[in-house]
Amino acid sequence: MCGIVGILGSGPVATDLVDALRRLEYRGYDSAGIATVENGHLQRRRAEGKLRNLETRLLTEPLSGRTGIGHTRWATHGRPVERNAHPHMTALVSVVHNGIIENYRELKAELTALGHTFETETDTEAVVHLVSDEMQKGLGPIEAVRVALGRLRGAFALGIIFAGHDDLMIAARQGSPLAIGHGTGEMYLGSDAIALAPFTDTITYLEEGDWAVLRRRGAEIFDKSGTRVERPLIKAVASSLLVDKGNHRHFMAKEIHEQPEVISHTLANYLDMAAGTVNFPALGLDLGGVTRVTVSACGTAYYAGLVGKYWIERYARVPVEIDVASEFRYREPPLGPGGLSVFVSQSGETADTLATLRYCKASGQRIVSVVNVRTSTIARESDAVLPTLAGPEIGVASTKAFTCQLSVLACFAIALGRARGAIGPEQEEELVKALTELPRHISTLLRNEDEYERLAHELSKARDVLYLGRGTSYPLALEGALKLKEISYIHAEGYAAGELKHGPIALIDENVPVIVVAPEDDLFEKTVSNMQEVAARGGQIILISDADPSKAGCKLAAHIRMPKAHQFANPLLYAVPIQLIAYHTAVFMGTDVDQPRNLAKSVTVE
Ligand code: G6P
């Protein structure tokens, strides 16, 4: 979490640092700050809360200097107050940090005993004093950082500048991503290429354990052992750099509306639509020989994986084991040879997902990742990558990335089923056709949002909301509840419809809206029975279904009418109304839709 930037510029850098931070606010927005070298001295400005507070401060207290670093924070150690905001500094050195220094307590105790005074509750401050201490002992800045890095445990990306050194910045990466940007007589540093997009598209990604010395004329990169190394220059893809809201009020709305296009784009990458076949990239393994799949992910990506499990088991007839990445490896599951491990991640940087990937790799599994950011760590550490072509997703609540993940997993299930002989050519054509019709159905759905505005009015009064679903609609119920709670702050829970009577039914009364995701498929009748159990207890049912409402057999508070689609494709279609319900409820309640409190888009801490 947290976003970091650095610029060695040819002119004043404060404005550019803030511009770059704006593109990193998806990584956290508890506080923001910048520091520069001004006439040889380190100066900084910081502000609690969103970046706009820092901008306001800079209007009255501007900062000059051609060398600077910046930070936008998602608080881990220390409350989100200005005192704990980065950059942290002494008179000698200023540091921005993303990640966690795990041994900061012992470093702090040691440095305090040596006479250093700590002013914050952060782990980062230990780095500042460690480097300062080495410099006070007479080391130059580069040597001081080299020694300090050897003492740090944990995950971090660091950007460091020094008093009296206008043409020097040091970057270090261990466990958190970091990109160096190359300009003409200028150099940049950022948590990702998007941050650097206004300045350069020529990027070098630091690898695990790398650290780099940046000067305006270029960068020297060293690996963990201190050996000078060359890392490739990459041209960042222009489409991933364009970030604006278009004519939408929020990024989330824009991203919901982009779905027909990005799903088409993603499907086109894996399907031959004209031939009605999957056209899957070689994964460097014999799909026909796969007998067991494990899937791991976090948050919304986990729910996409859960839908994938239903598809792979039902259509490809391969058993799938799935768990949230934050638990998977702690179970120490025995993973036999020849297994396939699939990881799903929008950012490709989620710390728990990455740690699980490494666990599975060490257990001899073939690693395939479904990621949106192709240059991410998870992508780079995978044996094969199945990209989602969602484009940059800025809204913290994931929408288009989710449906693109579903698109890839659906194609994967068909490819696996075909390779194993579980799906014949006719069924393959039928399933491919079901997917290719999706963008049209979603466009139809997106043409009428009035009913969601009405519904938002009702839902905003609720204290608790339940979501129910069966089969592939169960993960959608979980995702629906997650979407609603994360952006509207209304407590919501998703349940497998059949589990209702084992506990949650106790919560139901006339004040609890129950949103039922129930396409008219082979499980519809059973879900109808569960709906009647809710109705009998006075619950307010909101049915999302293509079935005629009379088939519900009970009174409905609302019915979201869905187009008729193939059962296989329904999870992608039903994702849209659950996104719109959450979005319009949050807008109605006036919450910060794109940057909900306490959350961040990229979670690089475990
Ligand atoms: C955070 C985000 C979620 C996302 C999850 C996993 O919690 O707010 O939207 O689903 O992380 O992120 P990933 O980048 O791995 O998909």
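**Loops, helices, cores and a ligand site in a predicted model**

Tyrosine 489 lies in the loop between helix H17 (473-488) and strand S24 (491-496). Helices (H or I, at least four residues) and strands (E, at least two) are DSSP runs, numbered from the N terminus. The model is predicted, so local features need pLDDT of at least 70 and side-chain atom pairs count only at pLDDT 80 or more, while totals for chains, interfaces and linings use all residues. Residues are numbered from 1 along each chain as its sequence is written, and side-chain values use heavy atoms, with hydrogens and water left out.

Tyrosine 489 has a positive phi of about 65 degrees, although it is not a glycine. Its relative accessibility is 29%, so tyrosine 489 counts as partly exposed. Here buried means under 20% relative accessible area, exposed means over 50%, and partly exposed is in between (1.4 Å probe, protein chains only). Arginine 317 is another non-glycine residue with a positive phi, of about 60 degrees. Arginine 317 sits in the loop between helix H9 (299-316) and strand S19 (320-324). At 55% relative accessibility, arginine 317 counts as exposed. A cis peptide bond joins histidine 86 and proline 87, with omega at about -5 degrees. Proline 87 belongs to the loop between strand S4 (67-73) and S5.

The protein chain is divided into domain 1 (3-244), domain 2 (254-436) and domain 3 (444-589). These bounds come from an automatic or database domain assignment. The C-alpha centres of domain 1 and domain 2 lie 34 Å apart. Between these two domains, 14 residues of domain 1 are in contact (heavy atoms within 4.5 Å) with nine residues of domain 2.

A nonpolar core is a set of buried Ala, Val, Leu, Ile, Met, Phe, Trp, Tyr and Cys residues joined through side-chain atoms within 4.5 Å. The largest such core has 96 residues. Those with the most contacts inside it are Trp311, Phe412, Leu435 and Tyr467. This core draws at least three residues from each of domain 2 and domain 3. Apart from it lies another core, of 28 residues, among them Ala126, Leu149, Leu158 and Phe222. Which residues does tryptophan 311 contact, leaving aside its neighbours within four places in sequence? They are Ala316, Leu406, Leu409, Ala410, Ala413, Thr472, Phe568, Pro571 and Leu572.

Helix H4 (residues 125-136) has 12 residues. The expected span of a helix is 1.5 Å times one less than its number of residues. For H4 that gives 16 Å, and its end C-alpha atoms are 16 Å apart, which agrees. H4 is mostly covered, with 11 of its 12 residues buried. Among the buried residues are Ala126, Val127, Leu130 and Met135. The cover includes strand S5 (88-89), strand S6 (93-101), helix H3 (104-113), helix H5 (141-151) and strand S7 (154-162). Just after H4, glycine 138 takes a positive phi of about 115 degrees.

Helix H19 (residues 570-589) has 20 residues, so its expected span is 28 Å; its end C-alpha atoms are 29 Å apart, which agrees. H19 is also mostly covered: 18 of its 20 residues are buried. Glycine 590, just after H19, has a positive phi of about 75 degrees.

The ligand is surrounded by 13 residues (each with a heavy atom within 4 Å). The closest are Thr300, Ser345, Gln346, Ser347 and Thr350. A polar side-chain atom of serine 345 lies 2.6 Å from an oxygen atom of the ligand. For serine 347, an N or O atom in the side chain is 2.6 Å from a ligand oxygen. For threonine 350, a polar side-chain atom is 2.4 Å from an oxygen atom of the ligand.

Two residues outside this site complete the picture. Serine 225 lies in the loop between strand S13 (218-222) and strand S14 (228-229). Serine 225 is exposed, with a relative accessible area of 58%. A polar contact is a pair of N or O atoms within 3.5 Å; within protein, one must be able to donate a hydrogen and the other to accept it, and residues adjacent in sequence count only if both atoms are side-chain atoms. One such contact, of 2.8 Å, joins the side chains of serine 225 and aspartate 223. Another, also of 2.8 Å, joins the side chains of serine 225 and threonine 227. Threonine 60 lies in helix H2 (residues 51-60). At 64% relative accessibility, threonine 60 counts as exposed. A polar atom of its side chain lies 3.1 Å from the backbone oxygen of arginine 57.
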